[in-house]
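Trainee: Got a minute to go through a model with me? I'd like to start with burial, so tell me what the word covers here.

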Amino acid sequence: QVQLVESGGGLVQPGGSLRLSCAASGTSDSISKINAMTWYRQAPGKERELVAFISSGGSTNIVDSVKGRFIISGDAKNTVYLQMNSLIPEDSGVYYCKAEAYAAGYRYLEVWGQGTQVTVSL
C-alpha cells in the first residue's frame, strides 16, 4: 500500500520561491507500479485544479497560469518536486500530490497525499 508524504509548504512573500516535495512510501512492488504523478491545488471556495503533471517516461505538462514560473521534476515513482518561482497571491492554496498507475489507458491505482499549505502574502 502506497502512502505519499508532502513537505515544503509555508508562508512566502510575493516574488519568492518554494520547493514542494512528495515522497512515496510502501512496498517496492507497489511503488514500481506508479507511472504518473500530478500536483493539484485548491484555494478556499474554488475547485481543485491541476497544476503540473509528470510521467515516469519524462513527459511533463504545466498549466498555463503557472507556465514559466513552476517546474515539475522527479522520477514519478519515488519522488516528485514542484519548484515554484515568482510566486503571486493567486498561487495560494493547499497543494496536493497524486500518484497514479496506468496500463492500456486504464487507471488502476490512485493515491493522494495529505496536502501542504502554500500562502503567498505580504
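Mentor: Sure. Buried means under 20% relative accessible area, with a 1.4 Å probe. Keep in mind that this is a predicted model.

Trainee: Okay, so what share of the residues counts as buried?

Mentor: In the protein chain, 40% of the 122 residues do.

Trainee: And how much area does the chain expose?

Mentor: About 6,300 Å², and 50% of that is supplied by carbon and sulfur atoms.

Trainee: Switching topic: what's the secondary structure made of?

Mentor: One helix and 11 strands. Going from the N terminus, the order is β-β-β-α-β-β-β-β-β-β-β-β.

Trainee: Why would you call the chain as compact as a globular protein of that length?

Mentor: Because its radius of gyration is 14 Å, close to the 14 Å that the globule rule gives for 122 residues. As for the box, the C-alpha atoms fill roughly 45 × 25 × 25 Å along the principal axes.

Trainee: Which strands are in the open sheet of four, and in what order?

Mentor: The order is β1-β3-β8-β7, and the pairing is antiparallel. At the edges sit β1 (3-7) and β7 (70-74), each pairing on one side only. From one strand to the next, the twist averages 15°.

Trainee: Zooming in on β1 and β3, how many bridges do they pair over?

Mentor: Five, in the antiparallel sense, with β3 covering residues 18-25. One pair to look up is Leu4 with its bridge partner Ala24 in β3.

Trainee: Last one: of the contacts between residues at least 6 apart in sequence, what share joins residues at least 24 apart?

Mentor: That comes to 54% in the protein chain.

How values were computed. Residues numbered from 1 in each chain as written. Predicted model: local features only at pLDDT ≥ 70, side-chain atom pairs only at ≥ 80, totals over all residues. Heavy atoms only, no water. Pairing = 2+ DSSP bridges. Helix = DSSP H or I, 4+ residues; strand = E, 2+ residues; numbered from the N terminus. Axes fitted to C-alpha atoms, helices over the stretch in contact; angles between N-to-C directions. Rg over C-alpha atoms; globule rule 2.2 N^0.38 Å. Buried < 20%, exposed > 50% of the residue type's maximum accessible area, 1.4 Å probe, protein only. Contact = heavy atoms within 4.5 Å. Areas by Shrake-Rupley, 256 points an atom, 1.4 Å probe, with all protein chains shown as cover.
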